[in-house]
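Okay, thanks for making time, everyone. Let me put the model up, and then I'll walk you through a few things I'd like you to look at.

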Amino acid sequence: MAFPKLNMMSYWVYFVGGVIMMASFLMPGGAAASGWTSYPPLSVISNNAQTVWLISMVFLITSSLLGSVNTIVTAIQLKAKGQNFMRWPIHVWAQVTTAFLLLLAFPPLEAAAVLQLADRVFGSSFFLPSGLVVSGEKWAAAGGGNPLLWQHLFWFLAHPEVYVLILPAVGVVCEIVTANARKPLYGYKTMVYSILFLGFMSFIVWAHHMFMTGMGVTLSSFFQATTMIISIPSVIILTTILLTLWGASIRFSVPMLFATAFLPMFAIGGLTGLPLGLTASDIHLHDTYYVIGHFHYVVAPGTLFALMGGVYYWYPKFSGRKMNETLGKIHFWTSFVAINFVFMPMFFMGSKGVSRRMYDQTVYTHGAATQSWNVVMSTAAFVLLFAQIPFIYNMFTAWKTGKKVENDNPWDATTLEWAASSPPPHENFPTPVEVYRDPYSYSPTTGKVLPQFAPQEG
Amino acid sequence: MASEHMTLEEVKKHTRTYWVIFGALLVLTAITVAISYVHLPFFWAVVLALVVASTKASLVALYFMHLISEKTAIYLTLGLTAVLFVFLIVIPWMIPWAEVRGWFVS
Amino acid sequence: MAVHIPYIDKPNPVTGVTNAKLGIWLFLASEVMLFGALFSALITLRLGVNDWPHGYEVLNVPLATLNTVVLIFSSVTVVMAWAALKMNNLKQFKTYMSLTLLMSVIFLIVKAIEYGSKFSHGISPATSNFYAIYFVITGLHGLHIIGGIIVNAYLLGPGSKMWSVEPERFTGRIECAGLYWHFVDLVWIFLFPILYLL
């Protein structure tokens, strides 16, 4: 990294933030109880754990700022000889775009967190309207604030944040898919521009989370339009990966299983987002289980599967050993089946209008009708939990007993990290690596691999 | 002119510029304070105050922060930031004021 | 062997900047968004109520004007400190840097007087949203000043030893510290008319 000390500081600030966040669970009076969105006025008048939660957020945001500055500077300044922007692996593009999102979208939330902190600690009324009545009594604050201000500042971060979660996953999937299909990525430049466009557009869709706040037809239409536009680069990204698989002799290794499962799962997550992005259908679906289903299809079987695939894929890189294939396949198939049973029923329940914030939906007739799905979901969630045991066991035991890799590049990958020996020695490369060609140079007919770092063709 | 490779003469020229800018900033500060004592109609007071502030800010950014001769990488970063900054500043006008005032009766 | 990180003193030939300079600009970009959100909040609050006071009626304009001048002057001295290093004059650098530090401390003292008089009148963030946003924005700006003082004091004191070993890298550090300081000045340039004069 360009700034090693900053890197460490970023980690330790994150650590402190994490500890404070965990501590908020132990506060007298219970954990922070205003949901992850912390909408005021509820969050301002709720228990003390919310204050701890906000302080922790300030630490976490600071950590992410330091980390993203470091990532961007490293990627742009410290390129290997011969490396240029159009030779970056997609994973690097994804990470740099993510870092920009974090850098520019997080500060507004930090500002909002400071304002909410002031509301709670110093008694100001940034988010408290005049005439607020709590439990039948007038709330003692000056008033004149605006709860919608929080929603705007919050979603100004929280929408780009979704792309912060998904873009690195897309990058990981690209690496795994090209290596296991042994084909060049179909449309590298298209992919790069899609990612950049996606990153930029993610800044101007935030108010589609706020269609129900009564912000008016003009604004709703604007954000509906931008939301529809942002689905285009997402589809391009998926299509590009899909076309890479076309005609390839695919090796279904464990990382590849996760990467291929990512595609339909992310597609379900993305397509179910369309009814939410359209103002009319959102009226029905807003704040129901449908939203939860949509979002979690993107980040659970989407991002999480990509990241697990990434663990299996890069494990030989940092340990010199492969993780067990059989355990990996058990992990994959049980997780794959279970996770769909967790999130698919949410669409059914959401379509019936079950609210996302209820812990007992049977108090309403329409909720009671779908209670059986809730049982299915809970059971599947436990299955999913137990399905992670082989993974954790595998990860720890393979460190000592996993099958040793035959060479430094067990997946026939082309990107730079495989130029170092596996596991990498201190300082990674004995001599500086040089880049000779585009990433993902596989000969489509012979399947021959031409890594970026290999000087000779052949 | 790359700030990394400057001759002694060029640096001296720069330092003279800095003091000129300092003078300009003082004058502009005096102007903006003077305007505030006139109590113009609110709209024009805002416009004038922002024009003066933007001028001062531009002087600081261009000359003290050397943005007048910076590298593309930095212009690109700041350009992106400027666009997103505009989105942020639009927020107050996105709030349905007529409705919000009706939500709570004081 | 310690890892050698390239472009810490000389600019990268492709981008034309050093790591630190790109880094500080990225950081400042995020700061723009931070203060941008706060100004956005201020406008929202002001549009939302009918009885928003004029800054010149309730805040101390002469003191704030003095602070504006102090901060602008410190901005000049910090860039002069950098220019002094460019001219290989460490002694002049120290003079200008000390002046910068002196100005920043004066700024904080004036600020403390201002805050003190508000508190003594029983005014706090809970009084009204005007004071709430006034305290939050100026307070956060004050924290930035304190951060700047710590960095500048380090660079004037123990940090300046780097000058004899790696002069270019040290000059780069002063430039980055200066950029940050100008940014703090820049925030004040907007904050002053918006809070005090309107």
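**A greasy patch, two interfaces and some salt bridges**

Let's start on the surface of chain A: A:Met8, A:Tyr11, A:Trp12, A:Tyr14, A:Phe15, A:Val16, A:Val19, A:Ile55 and A:Phe59 make up a nonpolar patch there, with about 850 Å² of accessible area together. By patch I mean residues with over 30% relative accessible area and no salt bridge, where nonpolar side chains (Val, Leu, Ile, Met, Phe, Trp, Tyr) are joined within 5 Å, and like charges within 9 Å. Accessible areas are Shrake-Rupley with a 1.4 Å probe, and for residues only the protein chains shown count as cover.

Ground rules, quickly: this is a predicted model, so local features need pLDDT of at least 70 and side-chain atom pairs count only at pLDDT 80 or more, while totals for chains, interfaces and linings use all residues. Residues are numbered from 1 along each chain as its sequence is written, chains are lettered from A and ligands numbered from 1 in the order in which they are written, and side-chain values use heavy atoms, with hydrogens and water left out.

Back to the patch. Which helices supply at least two residues each? Those are α1 (4-24) and α3 (49-77) of chain A. Helix α1(A) gives the most, with 7 residues, and A:Phe15 is one that sits in α1 of chain A. Helices here are DSSP runs of H or I, at least four residues, and strands are E, at least two, numbered from the N terminus.

Now, the interfaces. Between chain B and chain C, 50 residues from B meet 52 from C, contact being heavy atoms within 4.5 Å. Those two chains bury about 4600 Å² between them, 81% of it on carbon and sulfur atoms. Buried area is the accessible area (1.4 Å probe) that two parts lose on being put together, summed over both.

What about polar links here? We get 3 residue pairs in polar contact, both residues at pLDDT 80 or more. That's N or O atoms within 3.5 Å; within protein, one must be able to donate a hydrogen and the other to accept it, and sequence neighbours count only if both atoms are side-chain atoms. There is also 1 salt bridge, from C:Lys21 to B:Glu70, with the closest N and O atoms 3.0 Å apart. The cut-off is a side-chain nitrogen of Lys or Arg within 4 Å of a carboxyl oxygen of Asp or Glu.

On the chain B side, the elements giving two or more residues are α1 (8-38), α2 (42-64), α3 and α4 of chain B. The largest share, 14 residues, is from α1(B).

As for chain C itself, we're looking at 7 helices and 0 strands, with C-alpha atoms filling a box of roughly 65 × 35 × 25 Å along the principal axes.

Next, B against A. Here 18 residues of chain B contact 23 of chain A, and about 1800 Å² is buried, 84% of it on carbon and sulfur atoms. How many salt bridges between chain B and chain A? The count is 0, and for residue pairs in polar contact it's 0 as well. From chain B, α3 (72-90) and α4 (97-103) each supply at least two residues, with α3(B) giving the largest share, 7 residues.

Last stop: over all chains the salt bridge count is 10. One of them pairs A:Lys81 with A:Glu434 at 3.7 Å between the closest N and O atoms. That one links distant parts of the chain, 353 residues apart: A:Lys81 is in the loop between α3 and α4 (90-121) of chain A, and A:Glu434 in the segment after β4 (403-404) of chain A.
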